[in-house]
Amino acid sequence: MQNDQEVVVYGANETLSTSLLAENRCYLLPKCLASRLPVHLSHTGSVINVYNKQTITKTVGVKEVPIGGAISLSGKQWFVLTPKRVIRITISDVSEYRLPEGFQPLSLNLYQQHFVFVLGTNSIEVLDFDKLILMHQLETSNAVKMTTNYQDTFLAVAGTEGLEVWDMRRARKGREFPFGETLQPLWVSFSSDNRYVLCSFSDLSLRIYSIVESRLYKTLTTEQPLTCHGMTPDGSLSPSCF
């Protein structure tokens, strides 16, 4: 969910952008790494395409097939994660940061225009937004999924043994929720008011944790594995994918 009017649905090979308010405002793109409407960061193999709606505005070839991406708040800077590097693309320039040997990248997120967060299995690399140099290395444990809230101020990292909430402004862990057992997270998301973080698992459970009270608030059971979920900024809709 990109805003209260439009939804972007990521498929295995294609990405659908559709309007909730207009019947005919929808279009398909090749598989996207990230979207910040109306900008999409897409790839075909190792070729990166930047779209403004359906129009390609930038094409870049990279050395490996990408596994993740992110778009700046301005929509004018695009970041691509590959198994070996982080690549920063603008209209006029391309720069990169080579990841440490043995680092296994999972996903990439941005904190406004200050930091780039790269999640690995046991650590998070925090890079300078403009220079792509290492600023911090944060320790985590058996990580699987990472997401940010709508304001890009908090980061949730779900591992097989627990859930962590990080303050992105201070690059510091704020909350930790141990599972008490080994679980396989499928997706993690924040409530629109940042009071709760939701995590779905392969055992068909959806756990809701209270950030304010620092405890497990509620556990729900779904009929099928919940592979994606989120909430609109106004809190009125909670779209999910099975």
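What follows is a chat about how to read strands, ring pairs and a pocket in this predicted model.

Reader: Let's start with the strands. Which strands does β17 pair with, and in which sense?

Author: Look along the chain on either side of it. Strand β16 (residues 143-148) pairs with β17 in the antiparallel sense, over five bridges. On to β18, then: β17 and β18 also pair in the antiparallel sense, again over five bridges.

Reader: How do I spot who faces whom? Which residue in β17 stands opposite T148?

Author: Follow the bridges across. T148 stands opposite L155 in β17. Now carry on from L155 to β18, and you land on W166, which stands opposite L155 there.

Reader: And how many residues sit between the strands of each hairpin?

Author: The hairpin of β16 and β17 has five residues between its strands, and D152 in that turn has a positive phi of about 55 degrees. In the hairpin of β17 and β18 there are two residues between the strands.

Reader: Why is β17 described as largely enclosed?

Author: Count its buried residues. Strand β17 covers residues 154-159, and five of the six are buried, so the rest of the structure largely encloses it.

Reader: Okay, pockets next. What's the idea behind finding one?

Author: Rolling a probe the size of a water molecule over the atoms shows where empty space is left. Here, let's take the second largest pocket, which holds about 150 Å³ of space.

Reader: Which residues line the second largest pocket?

Author: The lining is made of F154, V165, W166, D167, R172, K173, G174, R175, N194 and I211. You've met W166 already, as the residue opposite L155.

Reader: Which strands supply at least two residues of that lining?

Author: β18 (162-167) and β19 (172-178) each do. β19 gives the largest share, with four residues.

Reader: How does the lining split by class?

Author: Four of its residues are nonpolar, two are polar and four are charged.

Reader: Now the rings. How many aromatic pairs are there in the whole structure?

Author: A search of the whole structure turns up six. One of them is F179 with F201: it is edge-to-face, 5.1 Å centre to centre, with 90 degrees between the planes. To read the angle, remember that over 60 degrees counts as edge-to-face. This pair links distant parts of the chain, since F179 is in the loop between β19 and β20 (185-190) while F201 is in strand β21 (residues 196-201), 22 residues apart.

Reader: Are F179 and F201 buried or exposed?

Author: Both F179 and F201 are buried. Another pair is Y196 with Y217, which is tilted, at 5.1 Å centre to centre and 50 degrees between the planes. That pair also links distant parts of the chain: Y196 is in strand β21 and Y217 in strand β23 (residues 215-221), 21 residues apart.

Reader: Why does Y217 count as partly exposed?

Author: Its relative accessibility is 39%, and partly exposed runs between 20% and 50%.

Reader: Which rings form a cluster, and what sits over the ring of F201?

Author: Ring pairs link Y111, F115 and F117 into a cluster. Over the ring of F201 you'll find the charged end of R207, 5.6 Å from the ring's centre.

Reader: Last one: how many bridges join β22 to β23?

Author: Six bridges join strand β22 (residues 205-210) to β23, and the two run antiparallel. One bridge partner to find is R215 in β23, across from S210. These strands form a hairpin with four residues between them, and S214 in the turn has a positive phi of about 55 degrees.

Note on methods. Residues numbered from 1 in each chain as written. Predicted model: local features only at pLDDT ≥ 70, side-chain atom pairs only at ≥ 80, totals over all residues. Heavy atoms only, no water. 1 Å grid on protein atoms, 1.4 Å probe; cavity = no way out; pocket = protein on both sides within 12 Å on 5 of 7 lines; lining within 4 Å. Points joined across faces, edges and corners; volume = space filled by probe spheres on them. Nonpolar A, V, L, I, M, F, W, Y, C, P; charged D, E, K, R; others polar. Buried < 20%, exposed > 50% of the residue type's maximum accessible area, 1.4 Å probe, protein only. Pairing = 2+ DSSP bridges. Phe/Tyr/Trp six-rings, centres within 6.5 Å; stacked < 30°, edge-to-face > 60°. Lys NZ or Arg CZ within 6 Å of the ring centre and 35° of its normal.
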